Amino acid sequence: MTEKEFISNHSYAEKETGEVRAKCSSNIALIKYWGKYNPQLPANSSISYTLTDSFTETVLKFEKSEKLSVKVYLEDVFQEKFSHRIEEYFRSIKAYVPFIDQYSYIIHTRNTFPHSSGIASSASGFGAVAQCLMDMSGLLGEENTEEYKLTKASFLARLGSGSACRSLYKGLVVWGKHLEIPGSSDLYAIPFPFEVSPVFKKMQDTILLIHEGRKEMSSTVGHELMKNHPYAEARFAEAHKNLSDLSKILQNGDLESFGRIVEHEALTLHAMIMTSNPAFILMKPATLAVIDKLWKFRKETRTHLYFTLDAGANIHLLYPEEEKGLILNFIKNDLLKYTENGNSIQDKALF
Ligand code: DP6
């Protein structure tokens, strides 16, 4: 679909007030989106797992108003910064949601994961808001197929936060045009379109909270730093190749090759961050200690335990459900001590 197909020419029903609600999960990228242009299009295609238990629930109340205004409450506490960000976002999507500036909004939102956990709430948060807007369009009389609604929600979520567009779908999700992935687009995400080997359908994710609290560098800054980055072109080309390879691996069930690419992607993301100007080091000594332990454990036990990283110090441990027993023991006995407060989050990606 093209951008034009998301521009709305409907005439909407008059409705004074109303309420919509949505739930949207967070996601963890296997091939990372890092670098964008114009202003919300990805420099390379990415693929992620949508998580199951880490999600945002949002209730959006709207009321006819002369002037657009947005008030966001997280766990019932007013959020001034988020309110401004969402208001600005709403203004920016008027071409696609023409009634947006005829209402004032009160948004109540809640995450199942702690705010300090480093799990990006912008992905699940914008995913949920975008779904709310599509439901609101429905209440105002816009009729669409379920497929169009989902695609447009993903399109709208992307304009809020890039990785959010992947959170609209379960399982493995691709965002960014890739010639070997039919239907893929820079404008919205799609479910990975090939049959996935059963080993990848119940992947476990234990998130070790190495560092709680705010990240030292926002992803917005990180994306910006890719613009003059000396290794940018090589990185984008490699991400493209990594997605080609991973696509085949996801179909043929080769867990070891999966782990090799996923870990390489995580380390490449941090290599880009460390070699940007200005430079950032987002890993902590404990992040490296965990990776070292994990590699030794994997060698000794021949289990399929792999890691990935976001743009932060926390570690996502990925492993198949069948190996859960041994691996959870290892996490409890040998890895939890590296977390800041003994905290971890247990999640999974289910299809
Ligand atoms: C490292 O989606 O948070 O998590 O589009 O500026 O909101 P914005 O960036 P964001 O970047 C995510 C970066 C990442 C990798 C990924 O999720 O693919």
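These are my notebook entries on a predicted model, taken one region at a time.

**Entry 1. The ligand and its shell**

I began with the ligand and asked which residues come nearest to it. Of the 16 residues around the ligand, the nearest are Tyr33, Ser161, Gly162, Ser163 and Arg166. Sorted by class, the shell holds five nonpolar, seven polar and four charged residues.

I then went through the polar contacts made by serine side chains. Ser161 places a polar side-chain atom 2.6 Å from an oxygen atom of the ligand, and for Ser163 the distance from a side-chain N or O atom to a ligand oxygen atom is 2.6 Å. Ser219 also has a polar side-chain atom beside an oxygen atom of the ligand, here at 2.9 Å. As for cover, the ligand on its own has 460 Å² of accessible area, and the protein covers 93% of this.

Next I looked up where the shell residues come from. Domain 1 (3-191) and domain 2 (198-348) each supply at least three residues to the shell. Among the elements, helix H4 (residues 219-225) gives the most, with three residues.

**Entry 2. Gly162, one of the nearest residues**

I returned to Gly162, which is among the residues that come nearest to the ligand, and noted its place in the loop between helix H3 (146-160) and E8. Is Gly162 buried or exposed? Its relative accessible area is 2%, so I entered Gly162 as buried; the cut-off for that word is under 20%. I also took one long-range distance from this residue: Gly162 and Thr275 are 113 residues apart in sequence, and their C-alpha atoms are 23 Å apart in space.

**Entry 3. Ser184 in its loop**

The next residue I looked up was Ser184, which lies in the loop between strand E8 (172-175) and strand E9 (189-191). Ser184 has a relative accessible area of 5% and is therefore buried. Which backbone atom lies 2.9 Å from a polar atom of the Ser184 side chain? I found that this is the backbone nitrogen of His178.

**Entry 4. Strand pairings**

I turned to E4, E5 and E7 and recorded the sense of each pairing. Strand E4 (residues 46-64) and strand E7 (residues 103-111) run antiparallel and are joined by nine bridges; within this pairing I noted Tyr105 in E7 as the bridge partner of Phe62. E5 and E7, by contrast, run parallel and are joined by six bridges, and here Val72 stands opposite Ile107 in E7.

In another part of the chain, strand E10 (residues 202-208) pairs with E13 in the antiparallel sense over seven bridges, with Leu208 opposite Ser344 in E13.

I then followed the side chains along strand E13 (residues 344-350), asking which of them point to the buried face. Ile345, Asp347 and Ala349 point to one face and are buried, whereas Ser344, Gln346, Lys348 and Leu350 point to the other and are not. In a regular strand the side chains alternate between the two faces of the sheet, and the side chains of E13 do alternate.

**Entry 5. Backbone geometry**

Most residues other than glycine have a negative phi, and most peptide bonds are trans, so I listed the exceptions below.

Glu75 has a positive phi, near 50°, and the phi of Asp76 is likewise positive, near 70°. Glu75 is placed in the loop between strand E5 (69-74) and strand E6 (77-78), and Asp76 is also in the loop between E5 and E6. I checked their accessibility as well: Glu75 is partly exposed, because its relative accessible area is 49%, while Asp76, at 63% relative accessibility, counts as exposed. The cut-off for exposed is over 50%.

Where is the cis peptide bond? I found it joining Asn277 and Pro278, with omega about 5°. Pro278 has its place in the loop between helix H6 (255-274) and helix H7 (285-301).

**Entry 6. Met274**

I closed with Met274, which lies in helix H6. Its relative accessible area is 37%, so Met274 is partly exposed. For a last distance I paired Met274 with Phe82: these two are 192 residues apart in sequence and, from C-alpha to C-alpha, 29 Å apart in space.

Key
Residues numbered from 1 in each chain as written. Predicted model: local features only at pLDDT ≥ 70, side-chain atom pairs only at ≥ 80, totals over all residues. Heavy atoms only, no water. Near = heavy atom within 4 Å. Polar contact = N/O pair within 3.5 Å; in protein donor to acceptor, adjacent residues only side chain to side chain. Areas by Shrake-Rupley, 256 points an atom, 1.4 Å probe, with all protein chains shown as cover. Helix = DSSP H or I, 4+ residues; strand = E, 2+ residues; numbered from the N terminus. Nonpolar A, V, L, I, M, F, W, Y, C, P; charged D, E, K, R; others polar. Domains from an automatic or database assignment. Buried < 20%, exposed > 50% of the residue type's maximum accessible area, 1.4 Å probe, protein only. Pairing = 2+ DSSP bridges.
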